[in-house]
Amino acid sequence: MKVVLFCGGYGMRMRNGASDDVPKPMSMVGPRPLIWHVMRYYAHFGHTEFILCLGYGAHHIKDFFLNYEETTSNDFVLRGGRTELLSTDIADWTITFAQTGIESPIGERLRRVRHHLDGDEMFLANYADVLTDAPLPEMIDRFARRDAGASMMVVPPQSSFHCVELGEDGLVGGITAVSDMPLWENGGYFVLRQEVFDHIPENGDLVADGCAQLAKRGRLVAHQHRGFWKPTDTVKERAALDAAYTQGDRPWAVWERDGAGASATGSRHGAGARA
């Protein structure tokens with residue numbers, strides 16, 4: 001199944017200044033950028049056809065894959081001055097690099113790569129900056145059995161703040177941690193059908209327009225996930241993931257836990273990429 005990744009936003013909260021033009025998905029976690037971790041997650045489950053919706057800082061993403069160094073995170077033997085890889089990361093990946101505009105909202109970016117989906121009835125989509133250990137096959141299978149236009153992974157609220165119930169004269173009637181409230185957040189992992197395009201107008205948004213309209217029609221389902229899920233909206237959140245990676249605490253790296261699933265290990269060919 002094809003995977004559409006939205007990786008063209010400005011990511012202002014992750015930038016160190018006006019001269020920093022690195023897009024958020026290229027922020028490093030361990031020896032690889034965020035987008036690689038997201039793609040490796042999908043590849044582990046056999047989904048190795050990627051469509052990158054590029055925009056701001058696109059050259060950073062292109063350069064990374066065009067000059068990909070397998071030796072950075074794979075074991076190898078140096079024999080007679082030549083490198084012999086013992087495993088590879090992206091050998092069986094096909095990556096489409098599509099410029100979808102600097103200012104385009106996510107729904108518009110999706111509209112602009114529709115022709116790359118080859119009419120596939122179902123496809124996957126992701127913000128390219130959120131890591132999880134969610135059971136992707138289960139998410140897909142449950143959606144495939146449903147008569148719906150889209151599935152959105154939802155997670156419990158991540159805020160550490162408290163909500164305050166106010167009564168008359170400003171009296172507080174109760175205090176509840178946001179995480180204890182019966183609320184769910186958009187987790188950024190989608191399984192979509194072509195139907196979603198019927199509800200995204202020009203320069204529209206995937207969630208506010210597409211998913212909202214499907215919800216009104218009873219055509220949107222949610223996959224509830226209470227396991228590991230971490231966004232990287234700020235420098236602090238990215239640094240925490242990087243530190244966890246260094247300490248060996250990386251539950252999102254499902255490909256490290258077992259040998260199951262489709263991965264690129266064993267092949268010695270370069271990644272397939274098309275512009």
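Which element gives the largest share of the lining of the second largest pocket? The answer is H6, with four residues. Some context helps here. The model is predicted, and its two largest pockets are taken in turn below.

Start with the largest pocket. Its volume is about 440 Å³. The lining counts 23 residues. Nearest the centre lie Phe6, Lys24, Ile106, Tyr127 and Asp129.

Several elements build this wall. Strand S1 (2–7), helix H3 (106–112), strand S13 (185–193) and strand S15 (229–231) each bring at least two lining residues. S13 gives the most, with three. What classes of residue make up the lining of the largest pocket? Eleven are nonpolar, seven are polar and five are charged.

Now turn to the second largest pocket. Its volume is about 330 Å³. Here 17 residues form the lining. Gln158, Trp229, Lys230, Pro231 and Glu237 lie nearest the centre.

S15 appears again. This strand supplies at least two residues to the lining of the second largest pocket, and at least two to that of the largest pocket. Helix H6 (235–246) also supplies at least two residues to the second lining; as said at the outset, its share is four residues. By class, this lining divides into nine nonpolar, three polar and five charged residues.

To follow this in the structure, begin at Phe6 and Tyr127, two of the residues nearest the centre of the largest pocket. Then go to Trp229 and Glu237, which are among those nearest the centre of the second largest pocket.

Notes
Residues are numbered from 1 along each chain as its sequence is written. This is a predicted model: local features need pLDDT of at least 70, side-chain atom pairs count only at pLDDT 80 or more; totals for chains, interfaces and linings use all residues. Side-chain values use heavy atoms; hydrogens and water are left out. On a 1 Å grid over the protein atoms alone, a cavity is a set of points where a 1.4 Å probe fits but cannot get out, and a pocket is an open set with protein on both sides within 12 Å along at least five of seven lines; lining residues have an atom within 4 Å of a point. Grid points are joined across faces, edges and corners, and a volume is the space filled by probe spheres set on the points. Ala, Val, Leu, Ile, Met, Phe, Trp, Tyr, Cys and Pro count as nonpolar, Asp, Glu, Lys and Arg as charged, and the others, Gly among them, as polar.
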